[in-house]
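Work through the exercises below with the sequence and the structure side by side. Try each task before reading its solution.

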Amino acid sequence: MPINCPTFVRPWPRSADHHVASVTHVSTTRLRLVSDDAHGAVVHLGSSAPVVETEAQLRTLLGGLSGVDAVGVEARAAKLATRSLKKETKRAAIDLAISMVDLTTLEGADTPGRVASLCAKARHPDFGVAHVPSVAAVCVYPDLVGVAKKELRSSSVKVAAVATAFPSGRASLKVKLLDVREAVAAGADEIDMVIDRGAFLSGRLGQVFDEIVAVKEACGEAHLKVILEVGELGTYDHVRRASWIAMLAGADFTKTSTGKVTKSASLASVLVMLEAARDFAEGTGVVVGVKAAGGIRTTKEALRYLVLVNETVGSTWLSPNYFRFGASSLLTDLLMQRRTQHGAGYVRPDAIGVD
Amino acid sequence: MSDLARSELGSLTYDPAPESASIVTLKPHYGLFLDGKFTDPTSHESITTINPATGADLATVAHASSADVDRAVRSARRAYEKVWRKTSGAERGKYLFRIARLLQERAREFAVLETLDNGKPIRESRDIDVPAAAAHFFYYAGWADKLDYAGFGPAPVPLGVAGQIIPWNFPLLMAAWKLAPALATGNTCVLKPAETTPLTALLLAEVLQQAELPPGVVNIVTGDGATGAALVDHEGLDKIAFTGSTDVGREIQRRLATRGTHLTLELGGKGANIVFDDAPLDEMIEGVIDGIFFNQGHVCCAGSRLLVQESVADEVLRRLFRRVEQLRVGNPLDKNTDVGAINSAAQLSRIHEMVDVGVSEGADRFTSSCALPSDGYWFAPTVFTNVSPSDRIAREEIFGPVLSVLTFRTPDEAVAKANNSLYGLACGVWSEKGSRTLWVAERLRAGVVWSNTYNRFDPTSPFGGVRLSGFGREGGRHGLEAYLDV
């Protein structure tokens, strides 16, 4: 690594308010960083914490991560996919999955009307059916945040916005940050950013890290989900390393995909991301969520992801606070299966309101 | 660490998801499969086979006497001389393809029956045993008309009549491993399934009838060790193929010493799974788990010795214990079960005995806190640490869900410890560094070396041991040699 590599912007605010000795939860914003270093010279993560100040240090840290055997990780994911959820487990898992959905519309043709109807479905996914949980969030482009915010006022459903020149991320940092600030100003509770895959693949890991740090800062109180776009990263080793960069840089969630490239979320890539989140939490005490997005359309698939969560990271992540599905058509299938599981027999798609 | 990070694994508990056993129609009693028909034995002695997960009786099967074995061998000889040796390779292949397809069609029936009779989880019988058995028939079906090109010269000839004795750990799969290459090369067979697991072989007999395999080409004699001994002692055989314990294998070789009968033996093992500090950590843990807890550890090539580099031992063990604790032990018919029942009371007492030995030798015992069913035969997944190479639990085959962990410092020491065994069936090497894997693999005295995986079986790949693990190969082109006069 060149000697003149830039020192990183310190990832987290160091003000007295944010200077905490353990992980704390304050509404939707998590304060992070376990450090009582009075000089604030370095960033410690937990007791056995890695120190990340320079790109060289980041590189060393990532190089120390265990490799991923592609055949093995796919075999493990396939094996867990054979788990069979029945009866009460299935009903509970379907409700959990519904509560984890980021109901998404990311089309050029999106209009205020379309977003309004999506929001209505997000609040009451299956009108007239009792005890259906609302979804976690509605995910839209930044210019529609205002509409979504208005429609979702006085509900628990969050508004998430994809920002940072989504989906390609091919814009200057200035533009990306403006994108984020506008979305936050319009009321976005959560920001889904994309990493610079070009920078990552050409080895400019510091740039990827710095960008996430800058976006996190621009987010203010808003939660940050960092999209790795696993389909473009090419290897599971890359997925693991990108997960770590995002987590070290302050991500609240890592997210698989934009849904805009052919290869979206897969069980194996989510497994790698969950393992990274588990190891990160064990090393630092900081819990980072994971969002599986793109191509998840059926209840069957969604339940397989929940099994992965259940058997890889466990109860903490079995909550919309730490696991999400980014999807549009999945919700309809979940609702159909929910009615079936609650004794309504097999339900036609038309029985569920379109969004 | 914050409370948050103390996340409970498996908190989403799974409701029972049992595979229905109704697809299997059990007869109360099974006769011998001789000359293409189910036949009563000469004596009325019978053996009761049970479901080891519940202790309940499943059925009784005939106990073949030496007279019955003689009938079986004569039937096989007749079929060999009159039919099978004159049947072209292409025709033999057609029968094998038919058997393979029928196995696939009746896969669920076979899987459920295997789980009932053996105690292995339905996930394994459904996803591994039965598909692999069908794959074996498919693979050797392809060879049947291409033997000229197998590397044994033009028109290699079969041996004649083969006696085949198989164990109880993979009852159907071992039958497939034995029958498929023997039939493809033009031999006829007398198959003797294990005493405690005869039922899938008898269901296979139905499939052979369905496939219209000429009568006598395959004969199945059920019974105990005495039946096996009668088969070994029969002078009418050209070949004995045995898979089972090293002691019995030795005895067979002794008895055949003065005879010209061909012999292949696939015996016990004490496989070493070698973990270097650069192993792919998460996949390695899964591989180690699969290596020893797959099929309750009733696997001759089980990775029953874990050799882990000292510098990462603590981290590996922490993760290993967490994973062992997660294994779901219980009803083998439940689709979510990871570890099923121990096959028999005798095997369970052997495991208890060896675990007691381990404790008395001073090793540290870690056993999963899982609840065990009250009926049937069960043993919770167990890991011994601080094991010395001189301990019995590091040297003797336990054949159960019990792992012995040893450490090493350098690749040389890893190889020395791995080879410090009288067995030599299989080893695993876990490292992301290819050159090291190859360096180690070259030096291991084992028939099979897996790299970054364990317990993977494929019909195209030869399998077999060296030293006390036996000789001869099953699977692949090499597997043909065991049934050809070359």
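**Exercise 1.** In which sense do strand β11 and strand β12 of chain B pair, and over how many bridges?

*Solution.* In this predicted model, begin with β11 (residues 272-275) and β12 (residues 305-309) of chain B, which run in the parallel sense and are joined over 4 bridges. Then look for one such pair of residues: B:Ile274 has B:Leu307 in β12(B) as its bridge partner.

**Exercise 2.** Place this pair in its sheet, and find which strands of chain B stand at the edges.

*Solution.* The strand order β13-β14-β15-β12-β11-β16-β17 (chain B) describes an open sheet of 7 strands with mixed pairing. At its edges stand β13 (364-367) and β17 (448-451) of chain B, each of which has a single partner strand, so one side of each lacks a neighbour in the sheet. From one strand to the next, the twist averages 20°.

**Exercise 3.** Find the strands of chain B that helix α9 lies across, and those that helix α10 touches.

*Solution.* Helix α9 (residues 281-293) of chain B lies across β11, β12, β15 (402-408) and β16 (426-430) of chain B, and runs at about 170° to β16(B). Helix α10 (residues 313-326) of chain B also packs on the sheet, where it touches β11, β12, β13, β14 (382-385) and β15 of chain B, and its direction makes about 160° with that of β14(B).

**Exercise 4.** How many residues of chain A are in contact with chain B?

*Solution.* On chain A, 33 residues are in contact with 28 residues of chain B. By type, the residues on this side of chain A divide into 12 nonpolar, 12 polar and 9 charged.

Definitions and conventions: Residues numbered from 1 in each chain as written. Chains lettered and ligands numbered in written order. Predicted model: local features only at pLDDT ≥ 70, side-chain atom pairs only at ≥ 80, totals over all residues. Contact = placed C-beta atoms within 7 Å. Nonpolar A, V, L, I, M, F, W, Y, C, P; charged D, E, K, R; others polar. Pairing = 2+ DSSP bridges. Helix = DSSP H or I, 4+ residues; strand = E, 2+ residues; numbered from the N terminus. Axes fitted to C-alpha atoms, helices over the stretch in contact; angles between N-to-C directions.
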